[in-house]
Amino acid sequence: MREKNPDLEKGHSRRRFFELLGGGFLTASSWPLARRAFGHNGLPQEKEQVPPIPSAAGAVDPADTKFWLFVREQFPITKNNNLIYMNNGTMGPSPYYIQWMFFSKEQEVNFTGTYGGHDVARAKVAEFINCREKEVSLTHNVTEGIDIIAQGLKLKRGDEVIITNHEHAGNAIPWYTRARRDRVVIKVAPLGQDAAQTLASVERAITKKTKVIAIPHMTCTNGQILPVKEIIELAHRKRILVMLDGAHPPGMFKVDVRELGCDFYAACGHKFLLGPKGTGFLYVKEELFDRVEPIMTGGGSDSGWDYKRGLHGWDKTAHRYDYGTQSLALYYGMMACFDFINGIGLDNITRRDKTLATKLLEGLKDIPQVEILTPLEEKSRCALTGFRLKNMPYDQFQNWLMEKYRIRIRGVGEGGLNSLRVTTHIYNTFEEVDLLLEAIREAARK
Ligand SMILES: Cc1ncc(COP(=O)(O)O)c(C=O)c1O
């Protein structure tokens, strides 16, 4: 369902487009913050100006049009008539509520001159992924979390690290960097078509020298959910550590690091959590603090220092891996994500995401030139769908789709895959999926 935009009809599309895309939305009339009065602390005075969090009392039908349209209404990106956004896997656009929290906190800092207090985000993250507060380091993206482990874990020359053949650069480059520096060996395990095949492939890559398995929880290429619990159990039986690249799952489905049993989990706030760009967190199992040397350090990482003794040691918590001035606004924005998601209900989000993606997958099955790359197995897929068009290179299709249909998806050039990735999240509609399928059918006939 696309809302009519009077500006566009009057021919002001360019100005409106930039208002919606950029900082211009602070002046857009739909933005509640712009009209509000400031209180003594820089916060809004009138309660009703806080954008709403959709709230569900229990299970919501993934096809409940009224509820999901209300959710959709909360996202400025859905008011942009120049765009149908299906690339949440790259960047999750924030709803008004999360943006409001982010901007309010930034204004508060600039109004009051005090900027501390973001540390409370550790407890919120811990609650969301089920770990202890002291096991959370606050980072700025997934890559930073992965780098903390890849560069800091005590490894020696000849030790082996297993990755897959479907990595994002954010998991591949940190480990290859470590390999260059310390002659650690990177082994690549190809993904299978389903969970059992992938588990077997990882098992085959293990040798006596394997020290770490560093793999995505869900791949960025074809949206495959890896059988991580089984891989972790296998690894731990052989005293191998497991680091999960969790770029996508948080906010899409439940991530319980304790239940998974992983040793490290790196995630970000700016994909399915729909949070401020440049937020992230890293889970480090407490028992492993001594095995991961902090590499980038500063104020906050230490347990004390002086000019005589130098550095006394590290902070007792995973705070040892982060340091210096942090942004109150960013981390309050990230905390707002948890409230937004919990308001809707994570299970409701999972079902809606998967239902949209399943509709797409079912439609793709009937298009002759399409090769589906996402596993059809239920437990191995959710909101990311990968496919290839046999008659058109991925970049050509991606550009054509944007030009003709204004639909943004992501081309996947990684590893020569020449494929496409569609992400459907809570603000997308079944009508948008239908339109995308129509476009793919048209391209397949070319
Ligand atoms: C699976 C995966 N890992 C890592 C990253 C890198 O994330 P970030 O840009 O937050 O560092 C991405 C980004 O798309 C990703 O999809």
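This passage walks through the overall build, the core, one helix, the ligand surroundings and a few single residues of a predicted model.

The protein is built from 14 helices and 15 strands. Of its 446 residues, 46% count as buried. Contacts between residues distant in sequence are plentiful: among contacts with a separation of 6 or more, 70% join residues 24 or more positions apart.

A good place to begin is the interior. In soluble globular proteins, nonpolar side chains tend to be buried together. The largest nonpolar core of this model has 112 residues, and the members that touch the most others are Ile213, Phe264, Tyr265, Tyr283 and Cys337. Helix H11, which spans residues 328-344, gives this core its largest share, 13 residues. The core also draws on two domains, with at least three residues coming from each of domain 1 (64-90 + 347-444) and domain 2 (118-341). Ile213 offers a closer view of the packing: leaving aside neighbours within four places in sequence, Ile213 is in contact with Ile162, Val202, Ile231, Ala235, Ile240 and Val242.

Two of those partners, Ile231 and Ala235, lead on to helix H9. This helix covers residues 228-237, and its buried residues include Ile231 and Ala235 together with Val228. Viewed down the axis of H9, the buried residues fall within an arc of 60°, so they line one face of the helix. That face has several packing partners: the buried residues of H9 pack against helix H8 (195-205), strand E5 (210-216), strand E6 (241-245) and helix H10 (257-260).

Just beyond the helix comes a change in the backbone. H9 is followed by Arg239, which has a positive phi, near 60°. Arg239 has this phi although it is not a glycine, and its place is in the loop between H9 and E6. With 8 other C-beta atoms within 10 Å, Arg239 is exposed, because a residue counts as exposed at 12 or fewer. Asn130 is another residue that is not a glycine but has a positive phi of about 60°. Asn130 sits in the loop between helix H5 (121-129) and strand E2 (136-139). It counts as partly exposed, with 14 C-beta neighbours inside 10 Å.

The ligand comes next. Its surroundings are made up of Thr90, Asn141, Val142, Thr143, His168, Gly170, Asn171, Pro216, Cys220, Asp245, Ala247 and Cys268. Sorted by class, this shell has five nonpolar, six polar and one charged residues. Helix H6 (142-152) and helix H7 (169-182) each supply at least two residues of the shell.

Helix H7 is also the place of Ala169. With 11 C-beta neighbours inside 10 Å, Ala169 counts as exposed. Its C-alpha atom is separated by 8.5 Å from that of Glu414, although the two residues are 245 residues apart along the chain.

A second pairing of this kind involves helix H11, where Asp339 has its place. Asp339 is partly exposed, with 13 other C-beta atoms within 10 Å. Asp339 and Lys124 are 215 residues apart in sequence, while their C-alpha atoms are 9.6 Å apart in space. Helix H11 thus appears twice in this account, as the place of Asp339 and as the source of the largest share of the nonpolar core.

Notes:
Residues numbered from 1 in each chain as written. Predicted model: local features only at pLDDT ≥ 70, side-chain atom pairs only at ≥ 80, totals over all residues. Near = placed C-beta within 6 Å. Helix = DSSP H or I, 4+ residues; strand = E, 2+ residues; numbered from the N terminus. Nonpolar A, V, L, I, M, F, W, Y, C, P; charged D, E, K, R; others polar. Buried ≥ 20, exposed ≤ 12 C-beta atoms within 10 Å, placed from the backbone. Contact = placed C-beta atoms within 7 Å. Arc of directions from axis to C-beta. Core = buried A, V, L, I, M, F, W, Y, C linked by C-beta atoms within 7 Å. Domains from an automatic or database assignment.
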